[in-house]
Amino acid sequence: MKANKFFSLVILVIFVVSGYAVEKKSSYSGVWNLNKEKTTAQSSQIFLSKISINLKKDSVLTVRTYENANGETYPFDENLTLDGKEFKIVVYDLPRKAKANLSKPEGNLVIESTTTFTGNSGEVDFSLVETWKVSENGKELTVDFVAKSSAGESKGTNYFIKSE
């Protein structure tokens, strides 16, 4: 009898823990809009204003929408596996390499990318490491980033609110 109770308790714990992991993973999925009040350093240049995320067991599909000061938007799709494999796409004539993985045990989504720009001085690589975290209540997405280029390094945080 005690063995049956113990076995039942173990099964219950496994379901609760695995349910939390699935809930954490699936909480990324949805449409996230930039919280302009909380996010600082929005300049007159182009900025990430919205992210649509579909996180699956082994991959993440995003539609990133960038916006300029005039309200013009520039969306692009990106489909990455979560095993750290690098993928190459072209975004508005700019080559981009990116890879993604879920950090353990936190469940943060980490996306590393390099976009190559060609200017008067030749090619310039813009590298970006983003760490995405969903809040406990599942309503806020925080994106910590480190950006590097030949001009230097910058760090910051963008805050997004989940659309209902």
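Me: Two strands count as paired if DSSP finds at least two bridges between them. Which strands here form a hairpin with five residues between them?

Reply: This is a predicted model. The hairpin is made by S8 and S9. Its turn holds Gly-138, which has a positive phi of about 75 degrees.

Me: How many bridges join S8 to S9?

Reply: First the general idea. Strands of a sheet pair through backbone hydrogen bonds, and the sense is either parallel or antiparallel. Here eight bridges join S8 to S9, and the two strands run antiparallel. To see one such bridge, go to Trp-132; its partner in S9 is Val-143.

Me: What do S7 and S8 form?

Reply: They form another hairpin, with two residues between the strands. Eleven bridges link S7 and S8, again in the antiparallel sense. Find Thr-115 and look across: its bridge partner in S8 is Phe-126.

Me: And how many bridges are there between S2 and S3?

Reply: There are eight, and the pairing is antiparallel. One place to look is Asn-54, which stands opposite Leu-61 in S3.

Me: Now the whole sheet. In what order do the ten strands lie?

Reply: Read across the sheet, not along the chain. The order is S4-S3-S2-S1-S10-S9-S8-S7-S6-S5. The sheet is open, with antiparallel pairing.

Me: Which are the edge strands?

Reply: Look for strands that pair on one side only; these are S4 and S5 (87-91). Then check the angle from strand to strand. Neighbours in this sheet are turned by 25 degrees against each other on average, with direction ignored.

Me: Where do side chains go in a regular strand?

Reply: They alternate between the two faces of the sheet. Keep that in mind as we turn to the pocket.

Me: How much space lies in the largest pocket?

Reply: About 1,000 Å³. The lining has 35 residues, and the closest to the pocket's centre are Ile-46, Phe-47, Leu-48, Tyr-66 and Phe-126. Several strands give two or more residues to the lining, among them S2 (47-55), S3 (59-67), S8 (122-134) and S9 (140-149). You have met Phe-126 before: it is the bridge partner of Thr-115.

Me: Which element gives the largest share of that lining?

Reply: S10 does, with seven residues. In the sheet, S10 sits between S1 and S9.

Me: How many nonpolar, polar and charged residues are in the lining?

Reply: Sort them by class. The lining of the largest pocket has 17 nonpolar residues, twelve polar ones and six charged ones.

Note on methods
Residues numbered from 1 in each chain as written. Predicted model: local features only at pLDDT ≥ 70, side-chain atom pairs only at ≥ 80, totals over all residues. Heavy atoms only, no water. 1 Å grid on protein atoms, 1.4 Å probe; cavity = no way out; pocket = protein on both sides within 12 Å on 5 of 7 lines; lining within 4 Å. Points joined across faces, edges and corners; volume = space filled by probe spheres on them. Helix = DSSP H or I, 4+ residues; strand = E, 2+ residues; numbered from the N terminus. Nonpolar A, V, L, I, M, F, W, Y, C, P; charged D, E, K, R; others polar. Axes fitted to C-alpha atoms, helices over the stretch in contact; angles between N-to-C directions.
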